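Student: Could you take me through one part of this structure up close? I'd like to look at the spot where the ligand sits, and then see what is built around it.

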Amino acid sequence: MKRREIFAGNWKMYTTLSEALALIEGIIKGLGDIANREIVVFPPAVHAREVVKACGNKIAVGLQNMYFEKEGAFTGEISPLMVKDVGARFILIGHSERRHVFGETDEMINRKIHAALDVGLEPMVCVGELISEREAGNSEKVVETQLKAALAGVARDQMNKVVIAYEPVWAIGTGKVATPEIAESMHQSIRNVLKALYGAEIATTVPVLYGGSVKPENIKGLFSQENIDGVLVGGASLTAKSFLDIIHVQ
Ligand code: PGA
């Protein structure tokens, strides 16, 4: 079964506009032949229009967050239509920093996914357990609960627009990458949840990415796993060289 292969860079709250454009230029310069691999970057929203222009048709752009309402008196928020209008194709939803620093709940995440799909955005939905949950032996259950809550009410025919990213919270920004075995085992468990919700075909076609301290040094072991279809990279996506080294993994 050949699935989409996606290499995504989450820039978080880093880069000025000139740094962002230099980063895109560097990535495009070194991209070369990447066959069918899809490259996505998630710049800060204020740089989005210029980053979209700089990416052309080589790199897709997503934003890191949005609100679920169409419009209104929500100071500081951006709407799904604004994300679409700026030229973004993807939207990151439920990143652990949104959940744990900004208090986003499963219910908000679910509403955001519906709002994204309604305007034709492709949600990249993040799930992942805390270290305390892993140590208590609850990782699978936690991720299953997050996934079911996130996808509540999402129809089968919308699932071809959804990407899942498994990002164990203890691995994000810590340098403690999950072993390929730990990641693969969770990816299998995610496919089992998708199978229970949507059937075997969708469970085998939805791309499931790994994220959390992905680096050029550890990408090979992760990407060689059968159920890992790509990665969501934070820190190592902020320099063209390390992001390219990850993208070019054999
Ligand atoms: P990291 O971040 O690669 O810096 O651990 C990953 C993420 O938060 O998506």
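Tutor: Start with Glu167: an N or O atom in the side chain of Glu167 sits 2.7 Å from an oxygen atom of the ligand. Keep in mind that this is a predicted model. Lys12 also uses its side chain, with an N or O atom 2.7 Å from a ligand oxygen. Ser213 comes in through its backbone instead, where an N or O atom lies 2.7 Å from an oxygen atom of the ligand. In total, 13 residues surround the ligand, and Lys12, His95, Glu167, Gly173 and Ser213 are the closest.

Now zoom out to the strands. Eight of them close into a barrel, going round as E1-E2-E3-E4-E5-E6-E7-E8, with parallel pairing. From one strand to the next, the twist averages 25°. If you're wondering what holds such neighbours together, strands of a sheet pair through backbone hydrogen bonds, either parallel or antiparallel. Look at where the ring shuts: E1 (residues 6–10) pairs with E8 (residues 230–233) in the parallel sense, over four bridges. There you'll find Ile6 opposite Gly230 of E8.

Next, the helices lying over those strands. Helix H11 (residues 240–247) lies across E1, E2 and E8, and it runs at about 160° to E1. Helix H8 (residues 180–198) lies across E5, E6 and E7, at about 145° to E7.

Helix H2 (residues 48–55) is a nice one to study by itself. Its buried residues are Ala48, Val51 and Cys55. Viewed down the axis of H2, they fall within an arc of 65°, so they line one face of the helix. What do the buried residues of H2 pack against? They pack against helix H1 (17–31), strand E2 (38–42) and strand E3 (60–63). Just past the end of H2 comes Gly56, with a positive phi of about 55°.

One last stop is Arg99, which is part of helix H4 (residues 96–100). Is Arg99 buried or exposed? Its relative accessible area is 10%, so Arg99 counts as buried, the cut-off being under 20%. Setting aside neighbours within four places in sequence, the contacts of Arg99 include Gly94, Glu104, Cys126, Val127 and Gln146. Asp106 is another contact of Arg99, and a polar contact of 2.9 Å joins the two side chains. Ile109 is on the contact list too; Arg99 and Ile109 are 10 residues apart in sequence, with 8.8 Å between their C-alpha atoms.

Notes
Residues are numbered from 1 along each chain as its sequence is written. This is a predicted model: local features need pLDDT of at least 70, side-chain atom pairs count only at pLDDT 80 or more; totals for chains, interfaces and linings use all residues. Side-chain values use heavy atoms; hydrogens and water are left out. Buried means under 20% relative accessible area, exposed over 50%, partly exposed in between (1.4 Å probe, protein chains only). Helices (H or I, at least four residues) and strands (E, at least two) are DSSP runs, numbered from the N terminus. The arc is that of the directions from the helix axis to the C-beta atoms. Contact means heavy atoms within 4.5 Å. Two strands pair if DSSP finds at least two bridges between them. Axes are lines fitted to C-alpha atoms, for helices over the stretch in contact, and angles run from 0 to 180 degrees between N-to-C directions. A residue is near a molecule or strand if one of its heavy atoms lies within 4 Å of it. A polar contact is a pair of N or O atoms within 3.5 Å; within protein, one must be able to donate a hydrogen and the other to accept it, and residues adjacent in sequence count only if both atoms are side-chain atoms.
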